[in-house]
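Biologist: Could you walk me through a few details of this protein? Please explain the terms as we go.
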Amino acid sequence: MFGRGNQKYPIPATLLKLKEMNEQIVHDLEVELDDILEIYMDYDLNNQDAEFAYSGHPLDVIPFAFTAFGGEHFGFLTDFGSVTDLEDAPVVFVQSLPSEEFHVTLIARNIRDYLGLFLTYKCMINMFSTVNEPSQEPSAVETHPHLSAVEAKLIHELGIQKIEPVSYRQNMLRERSKEVVQTINGIGVKRMTARELGPTFNVEEYDKYDVLNNKVREFFQEACLENKLACIADLQEAGILLTHTYDLNEFLINELRAMGCIYESRILELTTKSYDFSMSSTLHEIIPEI
């Protein structure tokens with residue numbers, strides 16, 4: 001399958017239904033569904049090609065909807081290939097931030113819940129802007145004149161139900177926390193084996209590249225699968241895996257391949273070898289040039 005192998009996921013059923021809905025809306029209202037949702041929905045299987053990747057892009061996320069702001073997008077979290085059907089994959093928002101930083105936010109348990117939240121927030125971007133403040137009620141937004149027609153189609157044709165966002169988010173985060181090895185981006189790596197976890201790797205503990213390089217290699221000699229993947233996710237989130245950390249990058253790319261994460265290894269290879277990056281002064285202090 002996609003993450004732990006070479007086979008691509010089929011396009012999930014809900015996205016196919018949205019594509020059919022778009023054709024109806026264009027015919028009846030002469031407007032694109034994307035214009036009403038205020039995002040660009042992309043159904044292309046090529047999104048599952050590693051060549052899409054750019055620095056900071058999470059290794060196990062497949063994009064399906066883009067905003068008008070740079071590389072920001074919503075995507076399916078495959079949990080390093082442990083998801084068997086994208087219809088059941090958690091939905092995350094990948095936010096592009098200044099310099100080497102990026103951030104990933106868990107939005108919904110699956111694509112249908114994602115649309116259910118849209119029925120509450122009325123706007124995809126508004127959904128993200130309030131999701132980190134669970135006590136905040138969805139704010140009033142200026143909506144597209146044909147929004148009500150889309151809402152009716154989502155409810156009656158796709159069976160989407162409106163979701164109360166506060167309790168939904170609290171329950172979702174609580175449930176996921178029980179299933180994952182924690183990572184610094186808050187998403188975590190889902191448990192895939194029954195092996196004892198052992199200690200996690202603290203990427204902030206080492207302030208010299210050569211020490212970090214050696215410690216990561218030592219850690220991988222004994223660490224379980226989930227802890228290895230969590231370590232890689234944390235190194236990436238911290239902005240450490242860049243073009244100048246060649247030896248460490250090569251080691252992790254080979255480790256991903258050995259774990260069966262072929263797609264993820266290709267993303268890491270592309271984003272660390274081809275991305276021309278000017279490091280911030282902070283990163284210079286943390287991980288000196290080789």
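Modeller: We can go through some aromatic rings and then one helix residue. This is a predicted model, in which local features need pLDDT of at least 70 and side-chain atom pairs count only at pLDDT 80 or more, while totals for chains, interfaces and linings use all residues. Residues are numbered from 1 along each chain as its sequence is written, and side-chain values use heavy atoms, with hydrogens and water left out.

Biologist: How many aromatic pairs does a search of the whole structure find?
Modeller: The search finds 9, where rings of Phe, Tyr and Trp (its six-membered ring) pair if their centres lie within 6.5 Å, and planes under 30 degrees apart count as stacked, over 60 as edge-to-face and the rest as tilted. The pair of Tyr 40 and Phe 66 is tilted, because the centres are 6.4 Å apart and the planes are at 35°.

Biologist: And is Phe 66 buried or exposed?
Modeller: Phe 66 is buried, with a relative accessible area of 16%, whereas Tyr 40 is partly exposed at 46%; buried means under 20% relative accessible area, exposed over 50%, and partly exposed in between (1.4 Å probe, protein chains only).

Biologist: Changing topic, where is Thr 14 found?
Modeller: Thr 14 is found in helix α1, residues 13–29; helices (H or I, at least four residues) and strands (E, at least two) are DSSP runs, numbered from the N terminus.

Biologist: What does Thr 14 touch?
Modeller: Not counting residues up to four places away in sequence, Thr 14 touches Glu 87, Ile 111, Arg 112, Leu 115 and Leu 158, where contact means heavy atoms within 4.5 Å. Thr 14 counts as buried, at 1% relative accessibility.
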